[in-house]
Amino acid sequence: MSVNFDAVTGHLSGDGVVETVRKVKDLAGVFRDEAARAAMDQEHVLYRVEAFEPVPEGTLGGVGLATTYLMPGQVGDEYILTRGHYHINEDRPELEVTISGEGYLVLMDRDRNTHIEAMTPGSVHPVGLGIAHRVANTGTEPLVFVSYWASETGHDYATIREHGFSGRVRNLEGVPVLVKE
Ligand code: S6P
Ligand code: ZN
């Protein structure tokens with residue numbers, strides 16, 4: 001089984017590649033300014049993910065590969081971001097590789113200490129054990145990045161949905177700043 005990966009654009013294609021689209025209506029409660037999100041065009045696409053998972057999620061035996069296309073823009077003063085998650089198997093790491101665009105990888109440990117790493121074309125970011133991760137686009141173009149993780153990892157979205165991150169990347173007078181909450 002194989003698929004095709006375009007190393008210039010990040011585009012994944014072929015049988016076995018699954019595309020997921022996340023729109024404004026899918027990210028209720030994710031942003032600091034929920035009223036601003038609710039006032040937006042609910043069909044506007046915030047990000048797309050092309051994923052190749054050679055074995056079913058949660059089972060042993062494969063490495064998942066996904067390209068995320070995260071759109072530029074803001075909801076209120078907060079930059080558009082991915083939902084973010086922990087891994088169910090806490091001893092499974094991840095790797096993010098930036099293809100194009102600019103933004104920040106937001107990382108939070110179980111004690112809710114949050115920090116950010118700048119993502120620029122070619123930057124490579126290990127996501128350590130037990131670290132929640134999401135990405136914010138602070139540029140004017142789509143931020144495209146590739147993720148790699150073991151198939152048995154599993155994704156925990158519920159914890160972030162309930163508690164969020166302890167910091168948000170916001171535009172303060174034109175400068176992206178991680179503002180602790
Ligand atoms: C998977 C990896 C990425 C994200 C993608 C969308 O472990 O971290 O492929 O799934 O960037 O983010 P999210 O938080 O909505 O899954
Ligand atoms: Zn992940």
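Does arginine 170 count as buried or exposed, and at what relative accessibility? Hold that thought until the third close-up; each view below comes from a predicted model.

**Close-up 1. Here is the largest nonpolar core, a set of 32 residues.** Phe31, Leu46, Val135 and Val169 are the members that touch the most others. Several strands chip in with at least two residues each, including β4 (45–52), β5 (63–70) and β14 (143–150). The top contributor is β10, which gives five residues. Zoom in on leucine 46 and, leaving aside residues up to four places away in sequence, you'll find it touching Phe31, Tyr69 and Ile80, among others.

**Close-up 2. Ligand 1 sits among 16 surrounding residues.** The closest of them are Tyr47, Thr68, Glu94, His155 and Tyr157. Look for the oxygen atoms of the ligand: one is 2.5 Å from an N or O atom in the side chain of tyrosine 157. A polar side-chain atom of threonine 68 lies 2.8 Å from an oxygen atom of ligand 1. Glycine 84 joins in with its backbone, where an N or O atom lies 2.9 Å from a ligand oxygen. On its own, ligand 1 has 400 Å² of accessible area, and the protein covers 94% of that. As for histidine 155, you can find it in strand β15 (residues 155–156). Its side chain makes a polar contact with the side chain of glutamate 57, at 2.8 Å. Histidine 155 counts as buried because its relative accessibility is 17%, and the cut-off for buried is under 20%.

**Close-up 3. Two salt bridges reach strand β16 from far away in the sequence.** Side chains of opposite charge can pair when their charged atoms come close. Arginine 170 does this with aspartate 77, their closest N and O atoms being 3.0 Å apart. These two residues are 93 apart along the chain, with aspartate 77 in the loop between β6 and β7. Back to the opening puzzle: arginine 170 counts as buried, at 12% relative accessibility. Its partner, aspartate 77, is partly exposed at 23%. The other bridge pairs glutamate 78 with arginine 168, at 2.8 Å between the closest N and O atoms. Glutamate 78 lies in β7 and arginine 168 in β16, so this pair ties together parts 90 residues apart in sequence. Glutamate 78 is buried, with a relative accessible area of just 1%, and arginine 168 is buried too, at 13%.

**Close-up 4. Glu19, Arg48 and Glu50 form a network of salt bridges.** Between arginine 48 and glutamate 50, the closest N and O atoms are 3.4 Å apart. Glutamate 50 is buried at 5% relative accessible area, while arginine 48 is partly exposed at 24%.

Key: Residues numbered from 1 in each chain as written. Chains lettered and ligands numbered in written order. Predicted model: local features only at pLDDT ≥ 70, side-chain atom pairs only at ≥ 80, totals over all residues. Heavy atoms only, no water. Core = buried A, V, L, I, M, F, W, Y, C linked by side-chain atoms within 4.5 Å. Buried < 20%, exposed > 50% of the residue type's maximum accessible area, 1.4 Å probe, protein only. Helix = DSSP H or I, 4+ residues; strand = E, 2+ residues; numbered from the N terminus. Contact = heavy atoms within 4.5 Å. Near = heavy atom within 4 Å. Polar contact = N/O pair within 3.5 Å; in protein donor to acceptor, adjacent residues only side chain to side chain. Areas by Shrake-Rupley, 256 points an atom, 1.4 Å probe, with all protein chains shown as cover. Salt bridge = Lys/Arg side-chain N within 4 Å of Asp/Glu carboxyl O.
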